[in-house]
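Trainee: I am new to this structure and would be grateful for a close look at a single part of it. Please describe one helix and its surroundings in a connected account.

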Amino acid sequence: MQYPATRRFRLTALFLLLPLYLCAGDGFRFRYIHLPPAVRDASIGTAVVDRAGMLWLVTASGLHRYDGNQLLTFNRLSQPALPDKEISALHPDRFDRLWINFMTELWYFDLQRWQLRRVSFGKSHGDAILQEITEGRNGTIYISDRTGRLFRVESDSLRLVADLGAKGSIPGAVIRQIDEVKPGEIWVITNGKLARIRQGRVDFPAMPPLPERIAVPAYYHSSGKIYFNVVNHGMYVYNPRTGKAAQLRAAFNNAGPRRPRFLLFPLLNGDVGIVAYRTGVFRVNPLTDSVSDVTSQVSADSGAIYAPRTFRTGTTAYLVNNNISEIAHVHTPFHNLLMTPALESRAVSVRSILRHPDGWLYLGTYNGFIRINESTGAQEKLPPGFVYTAMLWDDGRILAATEGDGLRWFDPVGRKFSNVPMAADGAFPDAQQRGRYLTSLARENDSLVWVGAYSGVYLLNVYTGAYVAPKGGADANVLQDARINKIVKSGNHVYFATSAGVFSYDGNNVHRILGDVSVYSLVVRKNELWAGTQGHGVWVLDESGKVKREFNTANGLAGNMAYTLLEQDGQIIAGTDGGLALIDPHTGDLRTYARMQHLPSNEFNHSAAATWGGRVYLGTINGMTSFSIPELLQYRDAGDTIPVRFTSFSAGSGNHIRHRYDLPYTQHAQLELGPDERSFSLHFGGIAPSIDQVYYYRLHDDAPWTELGRQQEMRFAGIAPGRYRIELAVKQGSGDRYVTLLTMPVTVRPAWFETLLFKLGCIAVALLIAWLLFRLRVRRLLREQRLRTKIAGDLHDEVGSSLTRIYFKADQLSLKHTERDALQKIADSSKRALGAMSDMVWSIDARFDTAGDLVDRIRDYLSSLQQDLDIAYTFELTGAYEGKRLSQVIRQNFFLIFKEAVNNAARYSSEPRMAVRLSFAEDIDLRISNPACGDGVRIPQYQGGQGVHHMQQRAARMKGVLRAGREGDLFIVELRAPW
């Protein structure tokens, strides 16, 4: 059987698209963009989103860029400055240029160079009043004016493409929309008609008569079909191949004479999305042109569609009024309800969920007890009361455990609450108080139900009100003092997950299976207990309470606060404080899901969990979500990274602050800081909802990650000179596995005094100064040595010769002269003076500055003393001293102390002998000893008198130590001096 070409095309397209319809987890995300206060209450004229994800909007105060964190404002006083004219249109292109229409002037903002440039109209087009801006297939910018002329921008000037208002063409032509459908083929809407421009020629495709003129918008689908708005008659579809046009069968086309305005945008699976102002959101199947209402999938807040101005970027539609909201088509297995789209609004926290056979979902929230239609999103607020958990009873009534109002019946038909009776003489002295604040329920049989409270648990007959508490064993008292988070009935046992651990009850006794940890949720599975703990993740216990396996953030769990646990289709579902986890109990494999996969929130609520008809329902702190396990297992994340960019940089230098705002548009950007810019900040952001993450950063690859939190600014101060690589990362629900989002190379230049050249120069100068000081010291020492040698020579030659002549003359005269005694005294005094002078000359003579010279002088003196006084001595010398130099102060004072000590020893010794010991080690040690008594007669007391005092003064000049005194029969002088 043969099919026409058009039909064959449609069948082929149907088979190609069919897998998408069957397998895709399609959904919509709606939210308000959280604008800063400076523009939140302003009237927004126009708005666009550029390629980097930055939001640009126009208000009465100027042009603004918003990155989800910072707001930049441009006007005639900013840098760069805008002309003081009204902006009528904006268009960001693929080359990071923001085209700005001032009606009589066309400018573009080169975002990579951060410069504003004006496009020249030329003499022939100087009268143009601009109308529309659009971008062609290859990035060409097309401009129309109010006289029907179409231009393209070439080399910062306008070139005429076609003139629809020229003589002989279309009188009063005005181009309202421009689309380059194919390269060189441009479609426009002019004077209520569709026109096609090819190589400057204008033609009007064949089309059946329409009831009214065509108005914007028109949407050109990849199949060739064109969807457009006919004034007062709504949306039509036109196929240029067949020449047929027809009105879409949709609710928004039946809105009466005041038809809504529209925004058309592509959906991920090839469908066409339509936002109808004041009506809703719809999707069109281009194969059949059938229209379905998806408003309930977008938001239950119908007011979100009340936005007179719209624009789109890819598969995201933006609605502009006094605020900006977005509708995005997303692939997700999650069906979300009650999710609050505005960040500044109070989120709807769902605490309990019950799926009733009547088709309604009954939800306990902090905003009250409500019921909601899962298909349409319609909701109804029920009588007040906070339902913590609920259970369906046989007659269709709902048994509700409330917080503060006790256990109550709710009748879905009459929509009324009634109290469950409770006997006065129950098991607890404070039964009424315990019965008011309830947390969990578990059915025992047709009339009995286990009721868990903030404190304790009891088994209640819902018809008579009689109740008993589980008793038996010491653990029963602990159970009654604990908060009961979950009750699970399994066979002949009842298990309790509490703030004090896990307990079991066999009908006779209470046994504490697990203690010292708070447990929120519990699943009994064969011979295992799966416990959702507070802070430790999920523990798998055996029947005795021993932990067999653990799942936490270290091995992939989304969070360590496991609020809810469910078993469905052989999988364990864990709702945590960091996202959702799917655990295969056989293999231990983990899959995690978070806001990146379009969950309403990463934090789930305790007890808000239910299953119905193969679907799982979970409550979060921002609405609820539902899904099926097969959908979740088949779902594959698109792998999109978080659309975050570095957006600005600021560095302080004295009174000057340097900024860079071109970072979102600069590939391979890097920062270079001057030596006086040690303090700087780096902002990042974007307007996508997944930006709301906990971030981490580090300065280089070897540094540990530092938690930044949810703030979108990194600040650094006192950074040392060097090269760094700043990394921004997130944890995606699996322990210490970090995913790097952004990197920024940073170079901090050193100050001139921190450079290597300066440091080498300082070392060279220090070495030069040291060398000069050394040379100066050498010169001074040489000069001092020459002076000492000259003084010694002069003393020896002049004074020594004179004293020698006096000595010999007096000695000769003493042999002849009658005054012999007097002359002999003169001779003796001259000889002593000659000896003292000889010692002084030796001590200052630079030619004898070694330790060897000192030893030789000591030996000579001892030998001379022995000859003159006929005294015996011993001299002991140890240590290495040859060639070692001594300062003049050490040499002179050391020898004079030696001389004084041996003279005293020779003069006062009770026997004509002494012992001298000289040792060279770290210090110079001298020891002189002589007998202090002999033949029973002690020496005079004054050997240790004034002479020792003078020797100690000389020792102090050498920074040495001298000790003198009697030790038994010896008088000892000990001297220790440094070299």
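Mentor: Let us take helix H9, whose buried residues (under 20% relative accessible area with a 1.4 Å probe, protein chains only) are Ala851, Gly852, Asp853, Leu854, Val855, Arg857, Ile858, Tyr861, Leu862 and Leu865. The model is a predicted one, in which local features need pLDDT of at least 70, side-chain atom pairs count only at pLDDT 80 or more, and totals for chains, interfaces and linings use all residues. Residues are numbered from 1 along each chain as its sequence is written, and side-chain values use heavy atoms, with hydrogens and water left out.

Helices here are DSSP runs of H or I with at least four residues, numbered from the N terminus. H9 covers residues 851–869, 19 residues in total, and spans 27 Å from its first C-alpha to its last; this is close to the 27 Å expected at 1.5 Å a residue, taken as 1.5 Å times one less than the number of residues. Asp870 follows H9 and has a positive phi, near 50 degrees.

H9 packs with helix H10 (residues 888–908) at an angle of about 20 degrees, their axes lying 11 Å apart. Axes are lines fitted to C-alpha atoms over the stretch in contact, and angles run from 0 to 180 degrees between N-to-C directions. The two helices, H9 and H10, are therefore roughly parallel (an angle under 35 degrees). In their contact (heavy atoms within 4.5 Å), H9 contributes Leu854, Arg857, Ile858, Tyr861, Leu862, Leu865 and Leu869, while H10 contributes Arg891, Phe894, Phe895, Phe898, Lys899, Val902, Asn903 and Ala906.

Definitions and conventions
Buried means under 20% relative accessible area, exposed over 50%, partly exposed in between (1.4 Å probe, protein chains only). Angles under 35 degrees count as roughly parallel, over 145 as roughly antiparallel, 65 to 115 as roughly perpendicular and the rest as oblique.
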